[in-house]
Amino acid sequence: MTKGDAVVEKGASKLQRLANQAARTGRLRSRLAQPLAEDAAFLRKLKPSLMVTRAKGEGPNPFLVLGIALAAGIALAKIVDWRGHAHPRD
């Protein structure tokens, strides 16, 4: 674990402890428990070592994701346009 990972993990642990304390109160602060726990999980995903592995391409290729999104957008636009011709607004 790198120094950056340790700092991120320390912050996530503090958030998780705060979420656990808020959940135990049973008052207004208990409403904050779930969002704080989600924030702690998100913070753990921001570890520098994980970001480096994703940047090196060990995750989904961003060009592939972009291509799929573009194709889906074009297909959706053609479907909407086609359905618009079926019911003209004269």
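K47 sits in the loop between α2 and α3, and in this predicted model that lysine is a good place to start reading. With a relative accessibility of 17%, K47 falls under the 20% cut-off and therefore counts as buried. Setting aside neighbours within four places in sequence, K47 makes contact with D5, V8 and E9. From there the picture runs into helix α1, across to R44, and out to a nonpolar patch on the surface.

**K47, E9 and R44: the charged network**

- How many salt bridges does a search of the whole structure find? The search turns up two.
- One of them pairs E9 with K47, and the closest N and O atoms are 3.2 Å apart.
- E9 belongs to helix α1 while K47 belongs to the loop between α2 and α3, so this pair ties together parts 38 residues apart in sequence.
- Both E9 and K47 are buried.
- R44 also forms a salt bridge with E9, with 3.1 Å between the closest N and O atoms.
- That pair again links distant parts of the chain, with R44 in helix α2 and E9 in helix α1, 35 residues apart.
- R44 has a relative accessible area of 26%, which is why it is classed as partly exposed.
- Put the two pairs together: E9 forms a salt bridge with K47, and R44 forms one with E9.
- Through shared partners, the salt bridges join E9, R44 and K47 into one network.

**D5: a buried acid without a partner**

- D5 is another residue of helix α1.
- Is D5 buried or exposed, and what is the nearest side chain of opposite charge? D5 is buried, and that nearest side chain is K47, 6.1 Å away.
- Side chains of opposite charge can pair when their charged atoms come close.
- A salt bridge here needs a nitrogen within 4 Å of a carboxyl oxygen, so D5 has none at 6.1 Å from K47.
- D5 does touch K47, along with P48 and S49, not counting residues up to four places away in sequence.

**Helix α1 and what packs against it**

- Helix α1 covers residues 3-25, and its 23 residues should span 33 Å at 1.5 Å a residue.
- The end C-alpha atoms of α1 are 34 Å apart, which agrees with that expected span.
- Which residues of α1 are buried? They are D5, V8, E9, A12, A19 and A22.
- An α-helix has 3.6 residues a turn, so residues three or four places apart point the same way.
- The buried residues of α1 pack against α2 and α3.
- G11 is also in helix α1, but at 26% relative accessibility it counts as partly exposed.
- G11 and A40 are 29 residues apart along the chain, and their C-alpha atoms are separated by 7.8 Å.
- Just after α1 comes G26, which takes a positive phi of about 80 degrees.

**A37 on helix α2**

- A37 lies in helix α2 and counts as partly exposed because its relative accessibility is 22%.
- Leaving out neighbours within four places in sequence, A37 is in contact with Q16 and A19.
- A19 is among the buried residues of α1.
- From A37 to N20 it is 8.1 Å, C-alpha to C-alpha, with their positions 17 residues apart in sequence.

**L46 and the nonpolar patch**

- L46 is found in the loop between α2 (33-45) and α3 (48-58), where K47 is placed too.
- K47 counts as buried at 17% relative accessibility, whereas L46 counts as partly exposed at 33%.
- What do F42, L46 and M51 form on the surface? They make up a nonpolar patch with about 280 Å² of accessible area together.
- Nonpolar residues join a patch here at over 30% relative accessible area, so the 33% of L46 clears that cut-off.

**R54 on helix α3**

- R54 lies in helix α3, and at 46% relative accessibility it counts as partly exposed.
- Apart from neighbours within four places in sequence, R54 is in contact with K45 and G59.
- R54 and G67 are 13 residues apart along the chain, with 18 Å between their C-alpha atoms.

Note on methods
Residues numbered from 1 in each chain as written. Predicted model: local features only at pLDDT ≥ 70, side-chain atom pairs only at ≥ 80, totals over all residues. Heavy atoms only, no water. Patch = residues over 30% accessible without salt bridge, like charges linked within 9 Å, V, L, I, M, F, W, Y side chains within 5 Å. Areas by Shrake-Rupley, 256 points an atom, 1.4 Å probe, with all protein chains shown as cover. Helix = DSSP H or I, 4+ residues; strand = E, 2+ residues; numbered from the N terminus. Buried < 20%, exposed > 50% of the residue type's maximum accessible area, 1.4 Å probe, protein only. Expected span 1.5 Å × (residues − 1). Contact = heavy atoms within 4.5 Å. Lys, Arg positive; Asp, Glu negative; His and termini not counted.
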